[in-house]
Amino acid sequence: MPISDDLRDLYQQVILDHSRHPRNYGELAGDCAHAHGDNPSCGDEVDLWVRFSPDGSIEDIKFSGQGCAISQASASMMTVKVKGVTKEKAAAMIEDFRHVVTGEGAVRDEDALGELQLLEGVQKFPQRVKCAMLAWRALEQALAGARVNPEWGRRV
Ligand code: ZN
């Protein structure tokens with residue numbers, strides 16, 4: 001189904017807004033998970049810090065990075081949506097988001113992703129899928145307890 005012009009405009013607005021005014025930008029200090037990812041084919045980098053509450057939910061999350069608008073907007077939007085959720089829910093959102101950007105598999109919880117679903121526009125561009133997934137792969141590492149692993153981003 002072709003994306004309507006209205007949806008394409010909204011996609012552009014949301015990407016530009018988050019890439020120009022990233023939410024939760026910065027670093028967390030103290031006891032937290034820290035993962036790094038890069039996407040050499042596009043020059044994108046993301047560093048992600050995640051602090052978990054005693055019950056295992058994401059208490060706080062921040063990212064810093066540089067690169068294309070899609071990689072940075074995806075990171076910014078992700079931090080907004082996963083703050084406060086449990087690890088289990090965050091893991092389910094990672095899977096759902098992967099389904100959105102690859103077009104493979106059904107999205108189980110559309111409400112949880114919200115405007116992130118606008119990124120389905122990258123489906124037609126495999127290189128852009130890597131940009132959109134970069135922060136989410138870092139989140140996957142953080143959920144697994146990563147402190148920092150500079151190598152993982154180089155494996156594709
Ligand atoms: Zn990129």
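Biologist: In sequence, how are the donor residues of the zinc ion spaced?

Modeller: The donor residues follow the spacing C-x1-D-x23-C-x62-C. This is a predicted model, in which local features need pLDDT of at least 70 and side-chain atom pairs count only at pLDDT 80 or more, while totals for chains, interfaces and linings use all residues. Residues are numbered from 1 along each chain as its sequence is written, and side-chain values use heavy atoms, with hydrogens and water left out.

Biologist: Which atoms coordinate the zinc ion, and what makes an atom a donor?

Modeller: A donor is an N, O or S atom within 2.8 Å of the metal (3.2 Å for Na, K and Ca); water is not among the atoms, so sites may look incomplete. The zinc ion has SG of Cys 42, Cys 68 and Cys 131, together with OD of Asp 44 listed twice, at 2.1 to 2.8 Å.

Biologist: What makes Asp 44 and Cys 68 a pair that ties parts together?

Modeller: Asp 44 belongs to strand S2 (residues 44–52), while Cys 68 sits in the loop between strand S3 (58–66) and helix H2 (69–82), so the pair joins parts that are 24 residues apart in sequence. Both Asp 44 and Cys 68 are buried.

Biologist: How many helices and strands are there, and what counts as one?

Modeller: The protein has five helices and three strands. Both are DSSP runs numbered from the N terminus: helices are H or I with at least four residues, strands are E with at least two. Along the sequence their order is α-β-β-β-α-α-α-α.

Biologist: Why is the protein called as compact as a globular protein of its length?

Modeller: Its radius of gyration is 15 Å, close to the 15 Å from the globule rule for 156 residues, so the description holds. The radius is taken over C-alpha atoms, and the rule is 2.2 Å times the number of residues to the power 0.38. The C-alpha trace spans about 45 × 30 × 30 Å along its principal axes.

Biologist: Why is Ala 132 called buried?

Modeller: Buried means under 20% relative accessible area, exposed over 50%, and partly exposed in between (1.4 Å probe, protein chains only). Ala 132 has 0% relative accessibility, so it counts as buried. Of the 156 residues of the protein, 46% are buried.

Biologist: Where is Ala 132, and which residues does it contact beyond its neighbours within four places in sequence?

Modeller: Ala 132 is in helix H5 (residues 126–143). With those neighbours left aside, its contacts are Ile 70, Ser 74, Phe 97, Val 101 and Val 122. Contact means heavy atoms within 4.5 Å. From Ala 132 to Ala 75 it is 57 residues in sequence and 7.9 Å in space, C-alpha to C-alpha.

Biologist: Val 129 is in helix H5 as well; what makes it buried?

Modeller: Val 129 has a relative accessible area of 14%, so it counts as buried. Apart from neighbours within four places in sequence, Val 129 is in contact with Val 101, Thr 102 and Val 122.

Biologist: Is Lys 83 buried, partly exposed or exposed, and how do you know?

Modeller: Lys 83 has 36% relative accessibility, so it counts as partly exposed. Lys 83 lies in the loop between H2 and helix H3 (87–102). Not counting residues up to four places away in sequence, it touches Asn 24, Ile 58, Glu 59, Asp 60 and Ile 61.

Biologist: Asn 24 appears among those residues; what is noted about its phi?

Modeller: Asn 24 is not a glycine, yet its phi is positive, at about 55 degrees. Most residues other than glycine have a negative phi. Asn 24 is in the loop between helix H1 (5–20) and strand S1 (33–39). Its relative accessible area is 17%, so Asn 24 is buried.

Biologist: How do you know that Val 14 is buried, and which residues is it in contact with?

Modeller: The relative accessibility of Val 14 is 10%, so it counts as buried. Val 14 is found in helix H1. Leaving aside neighbours within four places in sequence, Val 14 is in contact with Met 77, Glu 115 and Leu 118.

Biologist: What share of the contacts with a separation of 6 or more comes from residues 24 or more positions apart?

Modeller: In this protein that share is 58%.
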